[in-house]
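Hi,

Here's the structure I promised to pass along. Have a look first, then read my notes below.

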Amino acid sequence: MSLFLRTLAEFRHRVFGWAAVASVFAVGYVVIYESLTTDIAIAISTEDALQLVEMIETVPLAGYLETTVYGLMPPLLVVLCAIGLGARAVAGIEETGELELLLAGPIGRRRLVLTRYAGFATSVALAGLIIWAVVQWFVFVGRFGIPTANVAAGCAGLVLVGLLFGSMAFAAGAFTGDRTASLALAGGAAGVSYGLRALADTLEETRAMRWLSPFHYHLSDHWPSHQLWPGGYELVLALLTAGLLALAVYGFDRRDIGTGTP
């Protein structure tokens with residue numbers, strides 16, 4: 001089995017587990033949206049209430065999904081999943097001694113680190129694909145009228161945010177060989193970024209701080225219908241991720257494997 005397929009097989013349980021939890025949150029948000037109109041209609045069966053229900057139903061669900069599915073727990077869960085995979089991809093197998101065995105074979109360092117990264121990135125994308133399939137199914141069944149491309153774009157944004165922080169853990173692991181340090185660095189960065197965005201959304205005085213959070217680039221100015229590249233914000237995430245990958249290749253290529261010394 002090739003190293004790429006081995007990496008996918010190694011990560012599969014974590015991917016399905018995290019994607020399942022994120023999907024539960026996504027489905028929960030959609031169900032809340034559906035029950036909102038139903039509960040109002042039952043509680044107040046007057047003409048005004050029906051008008052209110054009609055108004056809620058015409059509020060773009062895309063905007064609601066933007067705030068909940070793409071803005072609350074699911075992106076955070078995808079990021080945590082990606083950080084765990086990124087830290088495991090290089091530093092994890094170095095700690096178990098598997099990395100030295102792999103390098104004893106005919107594979108070069110760059111090919112190894114790029115193949116492990118391809119497996120990591122594909123796994124994160126698979127998590128996003130699962131979430132997309134679940135949300136899309138509910139949108140289709142509920143006849144919410146959101147284009148498939150927009151639902152896919154929202155989930156692609158989740159993947160890009162996850163890849164950014166996961167690549168940070170991957171690069172830290174490639175540089176240090178220390179899985180715990182990689183988790184701490186990327187996890188701390190993700191926590192601070194998530195908090196910054198939440199703070200910026202709460203207080204007008206801190207609104208400018210939103211540009212410091214990668215989570216903002218995934219969501220900014222997409223309401224009410226999520227689309228990829230409307231303002232080039234996701235491109236920022238993609239470029240930062242590419243930079244982290246280049247940094248990982250550079251650091252891994254120069255490091256003395258087994259000692260953690262650059």
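A residue is called buried at under 20% relative accessible area, exposed at over 50% and partly exposed in between, using a 1.4 Å probe and protein chains only. Keep in mind that this is a predicted model: local features need pLDDT of at least 70, side-chain atom pairs count only at pLDDT 80 or more, and totals for chains, interfaces and linings use all residues. Numbering starts from 1 along each chain as its sequence is written, and side-chain values use heavy atoms, with hydrogens and water left out.

The protein chain has 10 helices and 0 strands (DSSP runs numbered from the N terminus: H or I of at least four residues for helices, E of at least two for strands). Of its 262 residues, 46% are buried.

I mostly looked at α4, residues 73-95. Here 20 of the 23 residues are buried, so the rest of the structure largely encloses this helix. From first C-alpha to last, α4 reaches 31 Å, close to the 33 Å expected at 1.5 Å a residue (that is, 1.5 Å times one less than the number of residues). A kink of about 50° is centred on Ala89, the bend being the angle between axes fitted to the seven residues ending there and the seven starting there. Just after α4, Gly97 has a positive phi of about 90°.

What does α4 contact in α7 (residues 148-176)? Contact means heavy atoms within 4.5 Å, and the α7 side includes Leu158, Phe165 and Phe170, with Val78, Ile83 and Ala89 among the α4 residues.

Cheers
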